[in-house]
Amino acid sequence: MIYLDNAATTKPCEACINATAQTMREQWANPSALYRFGIDAARLLRKCRQSVADAMGAPTDCIHFTACGTEADNWAIFSTAERFGKRGKHIITTAIEHSAVLKPIKKLEEQGFEVTYLQPDHMGRISLERLQNALRKDTILVSIMMVNNESGAVMPIEKMAKLTHRICPNAIFHTDAVQGFFKVPFRANSLGADLISVSGHKVHAAKGIGALYIRAGLKLPAYLLGGGQENGLRSGTEGLPQIAGFAAACTEQLPKRMENIARQNKLKAILQDGLRKIDGVELIGAQEAPHIVNLAVKGLRSQGLLNALQDREICVSAGSACSKGHRSHVLTAMGVDPELIDGSVRVSLSSETTMQEIEAFLQAMPEVIASLQ
């Protein structure tokens, strides 16, 4: 099998698998328990939190574990609205966010909040000028993703956060960094975002674990009520095996992050050059992130391309893995020809992608196109 759908999920690395299994076998106590077995689990939890914090460039106590990136996005959005909703009712986001951001914001809109949806250019980028023009005195939240999961566009988050805080000092800036974590170098301490969402299964950890960075000093109401875990903000016994696996994946990748980014950029360039030489293939979007390439063949449907590639044991996706059966709202907002949207395919790499896999995909594409035509 040739797996080229890493923006949907990545294969858990051996370090993650081993840490998860070891924790389930040996350190399965409740971290809130007051006997030694529980205290040892709490010590491991603290160590894991430090590992993820180091990977994000954040203070340890600013990292709060969640079940996934979607929960982290929901937490950031709903808790900000609850905390600052009396100060103002204006929210800014983009028309190309993941549904984990758009749907919670849509729910707030139905509850009386006013939302400005920033539109991208034809490459999928959001300009600083559009953000500046949208900011108002009553803006309480700006939520802009770091890397778009379909176009591969990379947003200037540091500049956007700085602009937001300069014009609206009391507004909260959130970024969904699920596709940016370990793909675009950043440090939470200097990025300027108040809230940052990440997900484990996009970085070779398991599904079922994510994290929300909450800037030191930012007081938000609890998202889940109960026993007071996660500093009283997200109650529920911590999923220590998944957390340990997430931390292990971060620890393994952190020293070679820049090397992996450079390697993926090299493979992406080879992939793009090869695709440009295939008749009928059109590349879509900015494709600035090191791991995302979006392409289409006019006149062919995405599902046909996916099925033909699957017959050759090549795994890619049609746009976001979370938008089954719907025309891409991202490519639509970018103004892409509907015929191209319906034939778009996303190829996404990881630190484990090989040159042989890229070559096999490029060799298969002309055969696939010819068979379908």
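**Sheets and helix packing in the predicted model**

Helices α2 and α8 meet through Ala41, Leu44, Leu45, Cys48, Ser51, Val52 and Ala55 on the α2 side and Leu240, Ile243, Ala244, Phe246, Ala247, Cys250 and Thr251 on the α8 side. Sorted by class, the residues of this contact comprise 12 nonpolar, two polar and no charged. The axes of α2 and α8 cross at roughly 40° and come within 8 Å, and the crossing of α2 past α8 is left-handed. As with everything described here, this contact belongs to a predicted model.

Helix α2, which spans residues 36–56, also has a sheet for company: α2 lies across β2, β7 (195–199) and β8, and runs at about 110° to β2. The sheet in question is open and has seven strands, arranged in the order β2-β8-β7-β6-β5-β3-β4 with mixed pairing. Its edges are taken by β2 (63–66) and β4 (114–118); each has a single partner strand, so one side of each is left without a neighbour in the sheet. On average, neighbouring strands of the seven-stranded sheet are turned by 20° against each other, direction ignored.

At the β2 edge, four bridges pair β2 with β8 in the antiparallel sense. Within β8, Gly210 is the residue that stands opposite Thr66. Elsewhere on the sheet, helix α6 (residues 157–167) lies across β5 (139–143) and β6 (172–176), and its direction is at about 160° to β6.

The polar side of the picture can be followed through the salt bridges, of which the structure holds 15. In one of them, the side chains of Glu71 and Arg234 meet at 2.4 Å, N to O. This pair links distant parts of the chain, 163 residues apart: Glu71 sits in helix α3 (residues 69–84), while Arg234 belongs to the loop between β8 (210–214) and α8 (240–253).

Further along the chain comes another open sheet, built from three strands in the order β9-β10-β12 with antiparallel pairing. Here the edge strands are β9 (281–284) and β12 (344–348), and each of them pairs on one side only. From one strand to the next, the twist averages 35°. Strand β10 (residues 292–297) is joined to β12 by five bridges, with the two strands running antiparallel. Ala296 has Ser344 of β12 as its bridge partner.

Two helices accompany the three-stranded sheet. Helix α9 (residues 257–276) packs on the sheet and touches β9, β10 and β12, with a direction that makes about 10° with that of β10. Helix α13 likewise lies across β9, β10 and β12, and runs at about 20° to β10.

Helix α13 (residues 355–372) also packs with helix α10 (residues 302–311), at an angle of about 125° and with the axes 10 Å apart. Because of that angle, α10 counts as oblique to α13. The crossing of α10 past α13 is right-handed. On the α10 side the contact is made by Gly304, Leu305, Ala308 and Leu309, and on the α13 side by Phe361, Ala364, Met365, Val368 and Leu372. Eight residues of the contact of α10 with α13 are nonpolar, one is polar and none is charged. The α2–α8 contact described at the outset is likewise without charged residues.

Conventions:
Residues numbered from 1 in each chain as written. Predicted model: local features only at pLDDT ≥ 70, side-chain atom pairs only at ≥ 80, totals over all residues. Heavy atoms only, no water. Axes fitted to C-alpha atoms, helices over the stretch in contact; angles between N-to-C directions. Parallel < 35°, antiparallel > 145°, perpendicular 65-115°, else oblique. Left-handed = near helix turned anticlockwise from the far one by under 90°. Contact = heavy atoms within 4.5 Å. Nonpolar A, V, L, I, M, F, W, Y, C, P; charged D, E, K, R; others polar. Pairing = 2+ DSSP bridges. Salt bridge = Lys/Arg side-chain N within 4 Å of Asp/Glu carboxyl O.
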